[in-house]
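Work through the following exercises with the sequence and the model side by side. Each task is followed by a solution that goes step by step.

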Amino acid sequence: MDWTWFHRWGSPPWFVKNVTPWLKWLLLLAGLMLVVGSCWGLLIAPEEAKQGNSARIIYIHVPAAFISLAGYYTMAIAGAIGLIWRMKIAFWVMRSVAPIGAAMTAIALITGAIWGKPTWGTYWVWDARITSMTILLFLYLGVIALINAYRDVDNGYRAGAILGLVGTINIPIIYKSVDWWYTLHQPATLKLTEDSPIHPDILYPLLWMIASFYLLFAALMLANTCRHILLSESNKRWVRQWYEEGK
Amino acid sequence: MHPVRKQRLIYVLMLVVFSSVAILLVSFAMKDNINLFFSPSEVTSGKAPLGQKVRVGGMVVEGSVSRADSGLVTRFALTDGSAISWVSYEGILPDLFAEGEAAVANGTLNADRELVATEVLAKHDEQYVPPEVADTYHKDGAEKPEGY
């Protein structure tokens with residue numbers, strides 16, 4: 001197998017030079033999709049039969065929760081690649097994803113609390129889904145703290161990657177929590193293999209918002225990775241050249 | 001693959017597998033504590049402790065909700081399909097509380113295994129439908145899809 005593409009992505013100058021030109025367009029597209037999706041979900045989509053308008057928070061809550069999980073395995077896989085191949089760029093990706101994932105987890109928890117009050121009658125209950133999501137938030141914060149805790153940057157990255165890998169089991173637990181235990185959360189609505197018990201008028205804007213959040217996540221991750229590359233390599237000659245060329 | 005990298009890959013896999021097994025064993029051991037509520041069957045079989053704070057969850061039995069003539073006391077029955085357990089609650093019920101819908105009540109079981117609740121939470125099902133569609137379900141008298 002030809003591995004040159006893999007090594008090319010591992011080169012910091014190549015990464016920055018090939019990502020930055022289209023990064024702003026990706027961010028713009030993600031922003032536009034979010035605006036369209038929000039208008040669709042808030043204004044055009046019908047209200048929910050039992051919950052009324054309060055169910056519209058689903059268009060933020062569910063996509064944010066999706067990204068909080070996607071961000072975690074991106075972070076853990078990047079950490080594993082960094083540990084095994086000692087690729088610096090993998091650690092930069094890991095470091096870039098952590099705060100984005102933490103923010104998405106916090107958004108999911110906060111919107112969930114806001115949704116819980118009118119629907120369930122409480123902001124917070126220690127059911128398995130909410131508890132495991134709270135653990136996810138602290139795992140993200142722990143990884144961020146560990147990366148920054150060492151004077152030697154490489155040790156920090158290795159420690160952060162190890163904590164991230166130890167926490168991976170939390171991801172299947174979050175997914176399956178509503179099936180394994182009695183929770184206040186309902187069983188999964190979106191199903192890949194069978195019909196989802198959600199009306200298409202509510203489903204399509206939701207899927208659109210999930211796609212928008214994925215795009216936003218990709219754009220933020222790439223932007224933050226470029227930022228960390230430039231910060232770490234700021235005294236290298238290629239950075240100066242790249243900066244002069246861009247001016 | 002380079003032998004050093006292969007060895008590091010094995011270390012990483014061992015790290016993930018062993019920590020996962022440890023955490024799964026812990027959560028398996030604590031299974032009963034992770035469950036948010038007891039089902040009515042567990043209440044009638046005596047698995048739920050008396051005189052302690054417990055939660056009981058299930059479907060509110062159709063026609064079981066009765067309100068006291070004065071005050072805010074409500075009595076209703078919860079079922080999981082095989083057993084029924086009674087709940088009395090003084091307070092304001094959440095908007096989504098209804099007969100035929102799921103609810104979780106938090107309180108203590110008295111000697112008759114009736115839950116004296118201090119808090120009642122409504123549980124939403126995994127269906128999301130617009131009001132018009134929900135109306136046609138009722139009109140046709142069609143069976144509601146599975147699950148609560």
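**Exercise 1. The chain as a whole**

What percentage of the 247 residues in chain A is made up of buried residues?

Solution. The model is a predicted one, in which local features need pLDDT of at least 70 and side-chain atom pairs count only at pLDDT 80 or more, while totals for chains, interfaces and linings use all residues. Residues are numbered from 1 along each chain as its sequence is written, and chains are lettered from A and ligands numbered from 1 in the order in which they are written. A residue is called buried if 20 or more other C-beta atoms, placed from the backbone, lie within 10 Å of its own, exposed if 12 or fewer do, and partly exposed in between. By that criterion, 40% of the 247 residues in chain A are buried.

Next, take the secondary structure, for which helices (H or I, at least four residues) and strands (E, at least two) are DSSP runs numbered from the N terminus. Chain A has nine helices and zero strands, and its C-alpha trace spans about 60 × 35 × 35 Å along the principal axes.

Finally, consider contacts, meaning pairs of residues whose C-beta atoms, placed from the backbone, lie within 7 Å. Of the contacts in chain A with a separation of 6 or more, 75% join residues 24 or more positions apart.

**Exercise 2. Helix H5 and its partner H4**

Describe H5(A), its surroundings and the way in which H4(A) packs on H5(A).

Solution. Begin with length, taking the expected span as 1.5 Å times one less than the number of residues. The 22 residues of H5(A), residues 128-149, should span 32 Å, and the end C-alpha atoms are 31 Å apart, which agrees.

Then turn to burial: the buried residues of H5(A) include A:Met133, A:Leu136, A:Tyr140, A:Val143 and A:Ile147. The buried residues of H5(A) pack against H3, H4, H6 and H7 (170-180) of chain A, together with H2 (31-34) of chain B.

For the geometry, axes are lines fitted to C-alpha atoms, for helices over the stretch in contact, and angles run from 0 to 180 degrees between N-to-C directions. H4(A) and H5(A) pack at about 150°, with their axes 9 Å apart. Angles under 35 degrees count as roughly parallel, over 145 as roughly antiparallel, 65 to 115 as roughly perpendicular and the rest as oblique; H4(A) and H5(A) are therefore roughly antiparallel to each other. H4(A) passes H5(A) in a left-handed crossing, a term for a near helix turned anticlockwise from the far one by less than a right angle, with clockwise giving a right-handed crossing.

Among the residues that meet are A:Ala98, A:Thr105 and A:Leu109 in H4(A), and A:Ile130, A:Leu137 and A:Ile144 in H5(A). For the classes, Ala, Val, Leu, Ile, Met, Phe, Trp, Tyr, Cys and Pro count as nonpolar, Asp, Glu, Lys and Arg as charged, and the others, Gly among them, as polar. The residues of the contact of H4(A) with H5(A) divide into 15 nonpolar, four polar and one charged.

**Exercise 3. H3 against H6**

At what angle do H3(A) and H6(A) pack, and what covers the buried residues of H6(A)?

Solution. H3(A) and H6(A) pack at an angle of about 130°, with their axes 8 Å apart, and the two helices are therefore oblique to each other. H3(A) passes H6(A) in a left-handed crossing. The contact includes A:Ala76, A:Gly79 and A:Leu83 of H3(A) as well as A:Tyr157, A:Gly160 and A:Gly164 of H6(A). Its residues divide into seven nonpolar, four polar and one charged.

In H6(A), the buried residues include A:Tyr157, A:Ala161 and A:Leu163. Their cover includes H3, H4 and H5 of chain A, together with H1 (3-29) of chain B.

**Exercise 4. The contact between the chains, and one residue**

How many residues does each chain give to the contact, and which residues does A:Met221 touch?

Solution. Chain A gives 38 residues and chain B gives 36 residues. On the side of chain A that touches chain B, H3 (58-85), H4 (88-119), H6 (153-166) and H8 (200-232) each supply at least two residues. That side of chain A has 24 nonpolar, nine polar and five charged residues.

A:Met221 lies in H8 of chain A and is partly exposed, with 19 other C-beta atoms within 10 Å. Not counting residues up to four places away in sequence, A:Met221 touches A:Val93, A:Ser96, A:Val97 and A:Ile100.

Methods
Two residues are in contact if their C-beta atoms, placed from the backbone, lie within 7 Å.
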